[in-house]
Amino acid sequence: MELKITCIPGDGIGPEIVAEAKKTLDAVALKYGHDMKYTDILMGGASIDVHGVPLTDEAVETARRADAVLMGSIGGDTTTSPWYKLAPNLRPEAGLLAIRKALNLFANLRPAVLYEELAGACPLKAEISEKGFDMLIMRELTGGLYFGERRTTEENGVRKAVDTLTYDEKEIRRIAIKGFDIARKRKKKVTSVDKANVLDSSRLWRAVVEEVAKDYPDVTLEHMLVDNCAMQLVKDPAQFDVILTENMFGDILSDEASMVTGSIGMLASASLNDTKFGLYEPSHGSAPDIAGKDLANPIATILSASMMLRYSFDLDKEADAIDNAVKQVLKDGYRTGDIMSEGCTQVGCKKMGDLIVERIQ
């Protein structure tokens, strides 16, 4: 199978971690008989340095012609980098917002996995963390409160601000379909999170999700109010499989979920459109302070590449090979500096990639 992948190395540690992810994909391609076709484009600070803008139209078109996009990290030190003296629309992160909009990436996926070998980093009590957890938060990314009409006015000398939370049934249905489709690849459970006891938008959300659920009789659906979900994430995270929710709730809950894993360096993410196309990236930033020092943890990017194989190409066996290799490396006691613990062997970014490749082969 030929896989056309546009790569965005980006800024900071981005080029290092993308290199290790490509190395891992090449190992999978060799083992399972696939042909990886990579095309690199510039985005973020790297694009500003060359083109004066964080993303060019040509780069967008290159990405659009691919089957999927694999990205490293974008941005730099906000206090010292000249990129942050530019207007907001010309700063590195504006490129990420632009490519999401241009490619209609409305579904954001953020897995939160607690590996047994890293349970000691989890901030929860041992009786909770020892059960482990493996959940995925499916967040609607292009609607809701963040994209609704807003205004600030003054009435009778009193300042007043209004933000509008709007969803239509088409926006809800397409994200729900994504959630149920992905649940079928996992443990076949969807927890739809809303505030239906208060908000009309949530009542519509719940009604449409229930309509979609009728087409997925093999997937269990439960509804949960967002405040209860926030509590359950720290009380019993093992109960969750796919958490399906709107933009603002997803923004908050995904950050909470990432925190209880204890290590953001392990967290992959994806943003999908209404086809199989997706942009895959680590949840962490560009870490400019360690860029070029072979200290970065490439695992989040490697796991993002695994998500790409699973969700854009339906190559579940190949994705499992990467996931299992990562687990085996951790079980064998190898760690990068950010997840280092007593009794383990510390390795650099390139060595971690090599170790994962060895276990795929």
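Contact here means heavy atoms within 4.5 Å. The model is predicted, with local features needing pLDDT of at least 70 and side-chain atom pairs counting only at pLDDT 80 or more, while totals for chains, interfaces and linings use all residues. Residues are numbered from 1 along each chain as its sequence is written, and side-chain values use heavy atoms, leaving out hydrogens and water.

Apart from neighbours within four places in sequence, arginine 335 is in contact with Glu117, Leu118, Val329, Leu330, Met340, Ser341, Cys344, Thr345, Gln346, Val347 and Met352. A polar atom of the arginine 335 side chain lies 2.8 Å from the backbone oxygen of leucine 330.

Arginine 335 is buried (under 20% relative accessible area, 1.4 Å probe, protein chains only). Arginine 335 has no salt bridge (a side-chain nitrogen of Lys or Arg within 4 Å of a carboxyl oxygen of Asp or Glu). Glutamate 171 is likewise buried without a salt bridge. With the same exclusion of sequence neighbours within four places, glutamate 171 is in contact with Gly143 and Thr166.

| Residue | Element (DSSP run; helix H or I, at least four residues; strand E, at least two) | Nearest side chain of opposite charge (Lys and Arg positive, Asp and Glu negative) |
|---|---|---|
| Arginine 335 | strand S13 (residues 334-335) | glutamate 117, 6.0 Å |
| Glutamate 171 | helix H6 (residues 169-184) | arginine 174, 5.1 Å |

Technical notes
Buried < 20%, exposed > 50% of the residue type's maximum accessible area, 1.4 Å probe, protein only. Polar contact = N/O pair within 3.5 Å; in protein donor to acceptor, adjacent residues only side chain to side chain.
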